[in-house]
Amino acid sequence: MASRPVVTYCGLMSPTGLATSRMLLRRIRSADVDLLTALNDDPGVMRHIDRAPPSRAAVAAEIDALLAARERHPGHGRFIAEDHDGVFLGWFGLIVLADGPAAPSLGYRLRPAHWGRGLATEGGRALVDHAFTHLAAERVTAETMAVNAASRRVLDKCGLHYVRTFHEHFDDPLPGTEHGEVWYEITRDQWRHAGGTSNPHAC
Ligand SMILES: CC(C)(COP(=O)(O)OP(=O)(O)OC[C@H]1O[C@@H](n2cnc3c(N)ncnc32)[C@H](O)[C@@H]1OP(=O)(O)O)[C@@H](O)C(=O)NCCC(=O)NCCS
């Protein structure tokens, strides 16, 4: 028997994940290791993340950890983004960190060929709505480098608010580390007051 959809958007239904108007955010699987390794191998993608991309073995280990985490928190985790023709676009995440499942962390990483089309905003909004509608989240958090202007703009457009700047120690810091990392959040009340959706144009 087919599993039930996690959630539906804009009338599009999927048995495997979240459907947005232009994407399917499907559950990650072990076989995604080469897609994710290739994504990380793009220097533009890693500019605000790390000096060097993780090895294929490290990506495989990361996927194993994500699959194990999904056993504990089935509606959270990393979702592979594909267009409706099945073309790999990147990934979105709603990850359980130290604050637990009530305060998951939003993340995203897309292939550069698909930047600038509003896809990160579309997927981020879908996951914010998913967190508050289906996962009983009390807040959704995110962090990025202060100098990662595109990522900060996406967080703004997903309804998250800047909370604070903080500084971490890195042995080999990326350019811009001196400006710190920024923490963003949206609470359940903020989400509700915004109309119960992070997307003012949701259909
Ligand atoms: C961050 C990322 C996901 C954005 O994806 P995207 O699909 O291009 O994002 P969107 O199109 O939804 O929105 C991007 C917004 O940032 C703006 N933007 C892009 N580059 C910018 C820059 N250098 N300075 C200021 N704003 C910028 C865009 O104009 C757009 O805002 P607008 O709609 O008001 O015009 C993508 O660049 C990426 O994958 N980067 C590498 C991974 C990464 O840094 N992830 C975040 C780490 S925490």
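**Notebook: helix H1, the ligand shell and strand S7**

I began with helix H1 and looked up what covers its buried residues; helix H2 (43-46), helix H3 (56-72), strand S4 (88-95) and strand S5 are included. I note at the outset that this model is predicted.

Which residues of H1, spanning residues 33-40, are buried? I found Leu 36, Leu 39 and Asn 40. These buried residues lie on the same side of H1, because they cover an arc of only 95 degrees around the axis.

I turned next to the ligand. How many residues surround the ligand? I recorded 21 residues, and the closest are Ala 120, Thr 121, Ala 149, Ala 150 and Arg 153. Two or more residues of this shell come from each of strand S5 (105-110), helix H4 (119-134) and helix H5 (149-157). Helix H5 gives the most to the shell, with 5 residues. Strand S5 thus enters my notes twice: it is included in the cover of the buried residues of H1, and it contributes to the shell around the ligand.

I then sorted the shell around the ligand by residue class. The shell holds 10 nonpolar, 8 polar and 3 charged residues.

My last entry concerns strand S7, residues 161-166. I looked up how many of its 6 residues are buried, and the count is 0, so that I describe S7 as hardly covered. Which strand is joined to S7 by bridges? I found strand S8, residues 181-187, with 5 bridges between the two, and they run antiparallel. For Phe 166, I noted Glu 181 as the bridge partner in S8.

Notes:
Residues numbered from 1 in each chain as written. Predicted model: local features only at pLDDT ≥ 70, side-chain atom pairs only at ≥ 80, totals over all residues. Near = placed C-beta within 6 Å. Helix = DSSP H or I, 4+ residues; strand = E, 2+ residues; numbered from the N terminus. Nonpolar A, V, L, I, M, F, W, Y, C, P; charged D, E, K, R; others polar. Buried ≥ 20, exposed ≤ 12 C-beta atoms within 10 Å, placed from the backbone. Arc of directions from axis to C-beta. Contact = placed C-beta atoms within 7 Å. Pairing = 2+ DSSP bridges.
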